[in-house]
Amino acid sequence: MKKEKQPPFIILNDVRKSFSEYEILKGINLEVADNEFLILIGESGSGKSTLLSLLGGQDFANSGDVVVGETRLDSNIPNSDLLHYRTKITGFVYQDFNLIPTLTLKENITLPAEISGTDYNPRRLDSLIEKFGLVEHQNKFPENLSGGEMQRTAIARSILLRPRLILADEPTGNLDSKNSQIVMKIFKDLHDEGHTIILVTHSKKIAKSGSKIVEIVNGKLKKK
Ligand SMILES: Nc1ncnc2c1ncn2[C@@H]1O[C@H](COP(=O)(O)OP(=O)(O)OP(=O)(O)O)[C@@H](O)[C@H]1O
Ligand SMILES: [Mg+2]
């Protein structure tokens, strides 16, 4: 039987983004299938973080279409839809972890759910803490964690509510090679579990983990 072609999960159509007079993204076109593991590369300043921020609903394009699943991300989106999108549909992982220093590891993981008033499964919380090797650290504050532990905490935070899309901006940029390997194994497992992942990296080795690589060159995307 012929398999029916699924519509793309993410569609970017002629996406443009400027900061004052500088146009950074100059007509980005991209389709991402469900459960793709897309690697985004490009020179420093080429607009990788800018593009991720548009996909994460943290900023909006000046023109063009940004559509993720059912959600069209533009400045007309109602606040409640944007909050739902940012807490339940996407999880974001940053190079510098972005943990709150005054909260314990466990409190950091549940913070987005608490802020958005979303119920989470306490058994899932405990199983993530265990799976990521954080049981003995769960009541520690970030300053007492290693970089690898902080990043595993940040990944647990991003996936507690099972978002369909995980956006990761140089998640191994501040880690040594052993911790980079551990973190990339976590992303591979999340991909195997069915998540769609878009990951920015400067590392050729890490770029090989993905199912597809695209590069931003002069504000446009080039397939590798
Ligand atoms: N909020 C902002 N206001 C003004 N300019 C910005 C803003 N955000 C990004 N830029 C500019 O847009 C360009 C692209 O920045 P971006 O952070 O997306 O690059 P990048 O590809 O992620 O670089 P890196 O690899 O160094 O992280 C840079 O020239 C940056 O200075
Ligand atoms: Mg960046």
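**Notes on the predicted model**

1. Leu40 stands opposite Val200 in strand β8, and this pair of residues is a convenient place to start reading the structure, which is a predicted model. The pairing of β3 with β8 is parallel and is made over four bridges. As general background, the strands of a sheet pair through backbone hydrogen bonds, and they may do so in either a parallel or an antiparallel way.

2. On its other side, strand β3 (residues 37-42) pairs with strand β9 (residues 212-217), again in the parallel sense, over five bridges. Within this pairing, the residue that stands opposite Leu38 is Lys212 in β9. Strand β8 likewise has a further partner, since five bridges join it to β7 and the two strands run parallel; here Ala168 is placed opposite Leu199 in β8.

3. These pairings belong to an open sheet of six strands, whose order is β6-β7-β8-β3-β9-β10 and whose pairing is mixed. The edges are taken by β6 (90-93) and β10 (220-223), and because each of them has a single partner strand, one side of each is left without a neighbour in the sheet. From one strand to the next, the twist averages 20°.

4. Is strand β8 (residues 196-200) largely enclosed or not? Five of its five residues are buried, so the strand is largely enclosed by the rest of the structure. Its side chains are best followed in two groups, with Thr196, Ile198 and Val200 pointing one way and Ile197 and Leu199 pointing the other way, and all of them are buried.

5. Apart from the pairings described so far, strand β1 (residues 10-19) runs antiparallel to strand β2 (residues 22-32), and eight bridges join the two. Strand β1 is also joined by five bridges to strand β4 (residues 63-68), and this pairing too is antiparallel. Ile10 shows both connections, for it stands opposite Val32 in β2 and has Val68 as its bridge partner in β4. In the hairpin of β1 and β2 there are two residues between the strands, and Ser20 takes a positive phi near 45° there.

6. Phe9 is found in the segment before β1, and it counts as partly exposed because it has 17 C-beta neighbours inside 10 Å. When its neighbours within four places in sequence are left aside, Phe9 is in contact with Val32, Ala33, Asp34, Val68, Gly69 and Thr196. A student may also wish to compare sequence with space here: Phe9 and Asn35 are 26 residues apart along the chain, while their C-alpha atoms are 8.7 Å apart.

7. Two loop residues deserve a careful look, given that most residues other than glycine have a negative phi. Phe97, in the loop between β6 and α3, has a positive phi of about 70° although it is not a glycine. Asn218, in the loop between β9 and β10, also has a positive phi, in this case near 50°. Their surroundings can be judged from neighbour counts: Phe97 has 21 C-beta neighbours inside 10 Å and therefore counts as buried, whereas Asn218 has 10 inside that distance and therefore counts as exposed.

8. How does the length of helix α5 (residues 147-159) agree with what its 13 residues should span? At 1.5 Å a residue the helix should span 18 Å, and its end C-alpha atoms are 19 Å apart, which agrees. Twelve of the 13 residues of α5 are buried, so the helix is largely enclosed by the rest of the structure. Among these buried residues are Glu149, Arg152 and Arg157, as well as Ile155 and Ile159. The buried residues of α5 pack against β6, α3 (105-116), α4 (122-131), β7 (165-169) and α6 (177-192).

9. The last point concerns ligand 1, which is surrounded by Phe19, Ile24, Gly42, Ser44, Gly45, Ser46, Gly47, Lys48, Ser49 and Thr50. Which element gives the largest share of this shell? Helix α1 (residues 48-55) does, with three residues. Sorted by class, the shell holds two nonpolar, seven polar and one charged residues.

Terms used:
Residues are numbered from 1 along each chain as its sequence is written. Chains are lettered from A and ligands numbered from 1 in the order in which they are written. This is a predicted model: local features need pLDDT of at least 70, side-chain atom pairs count only at pLDDT 80 or more; totals for chains, interfaces and linings use all residues. A residue is near a molecule or strand if its C-beta atom, placed from the backbone, lies within 6 Å of it. Ala, Val, Leu, Ile, Met, Phe, Trp, Tyr, Cys and Pro count as nonpolar, Asp, Glu, Lys and Arg as charged, and the others, Gly among them, as polar. Two strands pair if DSSP finds at least two bridges between them. Axes are lines fitted to C-alpha atoms, for helices over the stretch in contact, and angles run from 0 to 180 degrees between N-to-C directions. The expected span of a helix is 1.5 Å times one less than its number of residues. A residue is buried if 20 or more other C-beta atoms lie within 10 Å of its own, exposed if 12 or fewer, and partly exposed in between; C-beta atoms are placed from the backbone. Two residues are in contact if their C-beta atoms, placed from the backbone, lie within 7 Å.
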